[in-house]
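Thanks for sharing this one. Here are my notes as numbered points, to be read with the model open beside you.

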Amino acid sequence: MQTNLSEVPALSDDHIYFIPLGGTGEIGMNLNVYQLNNSLIAVDLGMTFADESLPGIDLLVPDPEYLVKNKKKLLGLLITHAHEDHIGAIPYIWPELQCPIYATPFAGELISQKCNEFSNIENIPLNIVSNSKPIKLGPFEISYIPITHSIPEARSLQIKTHLGTLVHTGDWKLDKDPLIGPKTKEKTFRTIGKKGVIAVIGDSTNAPQEGWSGSELTVKKTFLELFQNKKGTIAVTHFSSNIARLVSIISSAHSVNREVVLVGRSLKKYFNAAKKTGVIKDLRVLSEEEGKNLHPDQIILVCTGCQGEPRAAMSKLAGEYHPCLSLESGDTVIFSSKIIPGNEKPIAVLKNKLNQKGIKIIDENFKGIHVSGHPHKDEIKELYSWLKPKAVIPVHGENRHLQSHSNIALDAGIQTSPIIKNGDILKIAPGKVEVVCSIQSGKLAVDGSRLLKVNHPSIKRRNKLKENGIVLVAMAITKTGRLLGEVSITGHGIFDSEDETLLINKARILAMRIINEDKKLSIFCAQNTKEKIRLALKKFFKDHYNKKPRIEVQLILTKHTHI
Ligand SMILES: [Zn+2]
Ligand SMILES: [Zn+2]
């Protein structure tokens with residue numbers, strides 16, 4: 001049972017609590033909170049994409065109500081890395097929190113760029129963390145520990161307290177050849193483990209997968225093999241934030257005398273942030289304008305849109321509406337990515353378009369063309385053998401991922417590994433690791449410049465309009481019920497074009513008959529007559545189309561009793 005925030009029992013001062021507010025029981029929208037001695041720190045503030053059940057909504061962010069209520073005690077927001085599911089909600093929610101933000105140079109650059117697009121955000125207190133020197137925030141002492149992932153500068157957080165040390169892994173994998181940035185230092189994690197870890201709060205995304213996730217070096221070798229002796233344009237699409245992947249493509253392209261063109265806004269954004277913060281050196285890439293005059297055998301297009309996003313570069317090329325670049329029969333498109341669950345349909349649409357044009361497709365079924373950024377089973381076991389935690393709290397995953405993660409931890413001999421959900425308040429120490437209560441949590445929809453609860457009446461109404469359409473009825477009438485002029489009826493999303501005029505006339509006659517009858521019987525009353533018309537038209541459309549459009553009746557009452 002969820003407890004209303006105003007009724008949350010007082011939490012003990014000398015206990016460490018972990019409170020996930022987003023990303024536990026779901027993929028995306030990560031927001032985690034640690035609480036000790038009446039002080040709070042938050043880890044990550046991400047967003048997720050809305051599905052078609054929320055018309056007009058693209059993005060969802062976690063409901064920050066608990067943090068907003070406790071904002072005076074919130075000492076900082078610590079960002080583990082720059083993926084959108086970890087930083088994407090900052091511009092929407094930080095204005096309500098106003099706390100200092102901590103992030104590495106690369107993540108900090110992307111956060112700044114993002115916030116600059118919002119006129120209501122000025123001077124965010126962004127603290128750049130470029131080493132593992134501890135950050136002291138009240139009773140917490142946090143160190144940023146480098147770990148490999150699929151984006152530069154991913155960090156695990158070592159959180160020391162007087163009750164023991166926690167490790168918040170962030171998103172991670174163990175890549176022996178990450179190509180960009182340092183390898184994960186086994187020694188560092190073993191040292192943390194030797195001093196004692198009371199709990200690891202860890203990434204569950206790939207826990208159901210056997211073995212290891214694989215290395216970026218494998219993908220680089222695959223690109224080298226694929227690019228050799230290929231004729232025609234090669235287009236590669238991958239997750240834009242994976243800078244190591246991009247660098248592999250660029251160096252492999254140059255080694256077969258092809259030039260790389262970056263196509264799509266988000267690729268350029270991450271590439272420029274990586275250059276600006278020194279993650280990569282100045283690698284040679286061409287603009288779209290420069291690339292358009294090159295021979296197809298001399299070019300590799302790196303494109304956004306590996307998930308079939310209709311406005312991204314790959315869809316524009318497939319649909320032949322890119323302003324200056326194109327693909328021809330015999331060209332090759334490489335999807336160096338996996339299908340994120342939920343995106344099967346748009347990706348199928350994209351691949352069908354490419355197929356119809358005679359373009360060869362290489363995708364995740366081709367061995368070595370993609371590796372995931374999240375740890376498989378054996379990597380999780382490896383990390384826990386270094387850290388030897390007393391408890392493992394699975395986060396960052398749907399329930400089935402959390403369950404697999406918990407099983408791995410328990411099989412590895414870890415004492416406890418509870419499956420929790422967003423809103424649970426989990427006591428980690430002292431004593432038994434247990435959920436003490438659950439608070440309200442949820443999602444907010446980004447609707448233009450507002451944040452709305454996902455069950456907000458406006459969104460519900462949009463869904464109804466989307467499914468059934470609307471009929472608008474308007475008329476001017478005197479106080480005694482005499483109709484002035486015509487009854488106006490318009491419909492949206494309901495009529496067939498052939499019978500529109502006929503049905504509108506019939507509906508109009510029906511409405512007029514009700515008004516005239518009420519007047520004749522001297523029982524006209526604006527409210528009642530309006531409702532009678534609404535019900536009559538509801539039945540009328542049910543009889544004709546077996547549909548229930550929304551019916552809005554407006555009576556405009558004039559001051560005159562007789563005209
Ligand atoms: Zn993530
Ligand atoms: Zn990530």
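1. Let me start at the zinc ion (ligand 2), bearing in mind throughout that this is a predicted model. Its site is irregular, with angles of 91 to 159 degrees among the four donor atoms. The protein donors are His81 (NE2), His83 (ND1), His149 (NE2) and Asp171 (OD), and they lie 2.1 to 2.3 Å from the ion. Along the chain, the donors of the zinc ion (ligand 2) follow the spacing H-x1-H-x65-H-x21-D.

2. Where do His149 and Asp171 lie in the fold? His149 is in the loop between strand S11 (140-146) and strand S12 (155-161), whereas Asp171 is in the loop between strand S13 (164-168) and helix H5 (186-195). The pair is 22 residues apart and links distant parts of the chain. Both residues, His149 and Asp171, are buried.

3. Asp171 deserves a second look, as it bridges the zinc ion (ligand 2) and the zinc ion (ligand 1). The two ions are 3.5 Å apart.

4. Now to the zinc ion (ligand 1). Asp85 (OD), His86 (NE2), Asp171 (OD) and His396 (NE2) coordinate this ion at 2.1 to 2.2 Å. Why does the arrangement around the zinc ion (ligand 1) count as irregular? Its four donor atoms subtend angles of 89 to 162 degrees, whereas a tetrahedral label would need all angles to lie between 85 and 135 degrees. In sequence, the donor residues of the zinc ion (ligand 1) are spaced D-H-x84-D-x224-H.

5. The two histidines of that site are worth tracing through the chain. His86 lies in helix H2 (residues 84-87) and His396 in the loop between strand S20 (391-395) and helix H13 (399-411), so the pair ties together parts that are 310 residues apart in sequence. His86 is buried, at a relative accessible area of 2%. His396 also counts as buried, because its relative accessibility is 5% and the cut-off for buried is under 20%.

6. Next, the enclosed space. How many cavities of 30 Å³ or more does a search of the whole structure find? There are two. The largest has a volume of about 70 Å³. Its lining consists of Asn30, Asn32, Asp44, His86, His168, Thr169, Gly170, Asp171, Gly202, Asp203, Val395 and His396. Those lining residues divide into one nonpolar, eight polar and three charged. Do note the overlap with the zinc donors: His86, Asp171 and His396 appear in this lining and also coordinate the zinc ion (ligand 1).

7. The second largest cavity has a volume of about 40 Å³. It is lined by Cys306, Phe335, Ser337, Lys338, Ile339, Ile347, Lys351, Asp363 and Glu364. By type, the lining of the second largest cavity holds four nonpolar residues, one polar and four charged.

8. Among the open pockets, please look at the second largest, which holds about 260 Å³ of space. It is lined by 19 residues, and the closest to its centre are Ile151, Pro152, Glu153, Ile180 and Gly181. The lining of this pocket comprises 10 nonpolar, five polar and four charged residues. Which domains contribute to the lining of the second largest pocket? At least three residues come from each of domain 1 (2-211 + 372-447) and domain 2 (216-362).

9. Two lysines make a nice contrast in surroundings. Lys427 lies in strand S21 (residues 424-429) and counts as buried, at 8% relative accessibility. Lys427 and Ser12 are 415 residues apart in sequence, yet 9.6 Å apart in space, C-alpha to C-alpha. Lys276, by comparison, lies in helix H8 (residues 265-276) and is exposed, with a relative accessible area of 62%. The C-alpha atoms of Lys276 and Ile300 are separated by 24 Å, and these residues are 24 residues apart along the chain.

10. Finally, the overall picture. The protein has 16 helices and 27 strands. Its C-alpha trace spans about 95 × 70 × 45 Å along the principal axes. Of the 563 residues in the protein, 53% are buried.

Technical notes:
Residues numbered from 1 in each chain as written. Chains lettered and ligands numbered in written order. Predicted model: local features only at pLDDT ≥ 70, side-chain atom pairs only at ≥ 80, totals over all residues. Heavy atoms only, no water. Donors = N, O, S within 2.8 Å, 3.2 Å for Na, K, Ca; no water. Tetrahedral: all angles 85-135°; square planar, octahedral: opposite > 155°, others 65-115°. Helix = DSSP H or I, 4+ residues; strand = E, 2+ residues; numbered from the N terminus. Buried < 20%, exposed > 50% of the residue type's maximum accessible area, 1.4 Å probe, protein only. 1 Å grid on protein atoms, 1.4 Å probe; cavity = no way out; pocket = protein on both sides within 12 Å on 5 of 7 lines; lining within 4 Å. Points joined across faces, edges and corners; volume = space filled by probe spheres on them. Nonpolar A, V, L, I, M, F, W, Y, C, P; charged D, E, K, R; others polar. Domains from an automatic or database assignment.
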